[in-house]
Each structure stands twice: as C-alpha cells, then as structure tokens.
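This report covers selected side-chain interactions and solvent exposure. The structure is shown first, and the notes follow.

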Amino acid sequence: LAERIAIMEDPPAMIVSRLILDKNLTIAGLLIEKGSVVSDQDLYTLVDSNDIDKCILIARRRLVSPGVANALVDKNDPNVLLALVRNPEASLSPAILQRLTDIARTQPALQAPLVTRPDMTPQVAFDLFWALPTELRRYVFSRFLTDSGMLERILRVTIAAEEGDFGAEAWDGQNFPPDEKTAEATSLIERGAVEEATSLIAQLARVSESSAKRIITDAS
C-alpha cells in the first residue's frame, strides 16, 4: 500500500498521514523520504514527534522547504544536521545557513559538507573560517576569493562591521602597505613580539586590533 501511495499524484491525505506515522520504517520511510505527496504540515508533525530516524529521512528528501529545514535544525541532532547539510536539494535560506554555521563551530563533521554546498554564501563561509582546518580554509579562499573584486567587497563589509577606528572608506583596494612595513611586521611575529606586531598589522591592514591579534595567534 505504501509503495502504491508513494507514486500516486493525489492520494487520500488521511491514508498518507496514517502511513507516515507507522512505527515500521520500511513502511513509513517509503513516503517520508521519497514521497512527494507528503505535506509540510505532516512533516512538521513528524519532526515534533522527536523520532530521530524519521527526521533523518525527512532531511534526505528530494525537496526540503525552508520551514521544514528550520524545524530540523531546531532538533540540534548531529545525524539529522549532517543529513540536511549533505542534501543539495534542501532549501536552506541565509538565516538557516548562519544557524548551521554557528553549530558547525563545535561540530567539525558539519564543516566540509556545509562550506561545499552550492548555496553557501561568502559572508557565511568566512564567518566559519576561523573554526575550519587548514584544507577547508584553502578551499574557502579558492572558491570565494578568485578575483580581487570579491576580496575588496568582503573587506568593505568586514571593515564596516568592525568596531575599530577605521571606516569602510579607508580601504580602496589599491593602497597596499610598503614592503618594508610588511617585512617589519613579519620580523616582529618571528621574534614573538605579539603586541607590537598586532598594532602594526592592524594599522597596515586597516582592521581592529582584535582581528589582527586573531590572525597573528592562529598558526594555520
């Protein structure tokens, strides 16, 4: 019955609702994961039931609406979240991507499938940047910083959000610091003069001292 209902265009809603509640995943799973006839309202009911196995099947559906995706994120279950971020057909809004990014800081398994999603945005990817391992950092750079124009746009957004003394107009994308100043900053870092290097890097890069110190003290 579940197999036949799953391929019908307009099956009785009551039967669909009963079948997806079946405790046997062999029966319910046919409709939950692959059945296009299951409504979002029925999916919300399943998510609220706290059946994690069924939540994983929902996360794997060919189409997952933003509302259902948001409800799945609310579960904060590692297996459900991993299934969701691995599903390229799931409709994840920028707000949901940001929520997943906040969770991925402490759940490394989510990081690779999250930053490689087709719908990942530069702003969200760079928000996760500091939590990523070296190889994923390189991937983020290669994907989102392929041209200087993109780098300049990101810098303008970042600088505008900083709480330091520099405004977005301070960066023009052309006025790079002299080589001798860069060499001086490198020398300070090599000698372990963190505070002096932090002040100089903040001045040269036009970022806050907190951002400069974060760069200097992060070996990756």
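## Asp 127 and its partner

In this predicted model, Asp 127 has a relative accessible area of 30% and is therefore partly exposed. Its side chain forms a salt bridge with Arg 105, in which the closest N and O atoms are 3.1 Å apart. Asp 127 belongs to helix H10 (residues 122-128), whereas Arg 105 sits in the loop between helix H8 (94-104) and helix H9 (111-115), so the pair ties together parts that are 22 residues apart in sequence.

## Arg 105 and the shared network

Arg 105 is partly exposed, because its relative accessible area is 34%. Besides Asp 127, Arg 105 has a salt bridge to Asp 102, with an N to O distance of 3.5 Å. Asp 102 is also partly exposed, at a relative accessible area of 41%.

## A salt bridge within helix H11

A further salt bridge joins the side chains of Arg 138 and Glu 135, at 2.6 Å from N to O. Both residues lie in helix H11 (residues 134-144); they are three residues apart, so about one helical turn separates them.

Which side of the 50% cut-off does each of these two residues fall on? Arg 138 has a relative accessibility of 52% and so counts as exposed. Glu 135 has a relative accessible area of 54% and is likewise exposed. Elsewhere, salt bridges with shared partners join Asp 102, Arg 105 and Asp 127 into one network. The count of salt bridges in the model comes to eight, including those described here.

## Thr 198 in helix H14

Is Thr 198 buried or exposed? Its relative accessible area is 2%, and because buried means under 20%, Thr 198 is buried. The residue is part of helix H14, which spans residues 194-205.

A polar atom of the Thr 198 side chain lies 2.7 Å from the backbone oxygen of Val 194. What does Thr 198 contact when its neighbours within four places in sequence are left aside? The residues in contact with Thr 198 are then Glu 209, Ala 212, Lys 213 and Ile 216.

## Summary of the sites

Asp 102, Arg 105 and Asp 127 form one network of salt bridges, and Arg 138 is paired with Glu 135 in helix H11. Thr 198 is buried and has a polar side-chain atom 2.7 Å from the backbone oxygen of Val 194.

Definitions and conventions: Residues are numbered from 1 along each chain as its sequence is written. This is a predicted model: local features need pLDDT of at least 70, side-chain atom pairs count only at pLDDT 80 or more; totals for chains, interfaces and linings use all residues. Side-chain values use heavy atoms; hydrogens and water are left out. Helices (H or I, at least four residues) and strands (E, at least two) are DSSP runs, numbered from the N terminus. Buried means under 20% relative accessible area, exposed over 50%, partly exposed in between (1.4 Å probe, protein chains only). A polar contact is a pair of N or O atoms within 3.5 Å; within protein, one must be able to donate a hydrogen and the other to accept it, and residues adjacent in sequence count only if both atoms are side-chain atoms. Contact means heavy atoms within 4.5 Å. A salt bridge is a side-chain nitrogen of Lys or Arg within 4 Å of a carboxyl oxygen of Asp or Glu.
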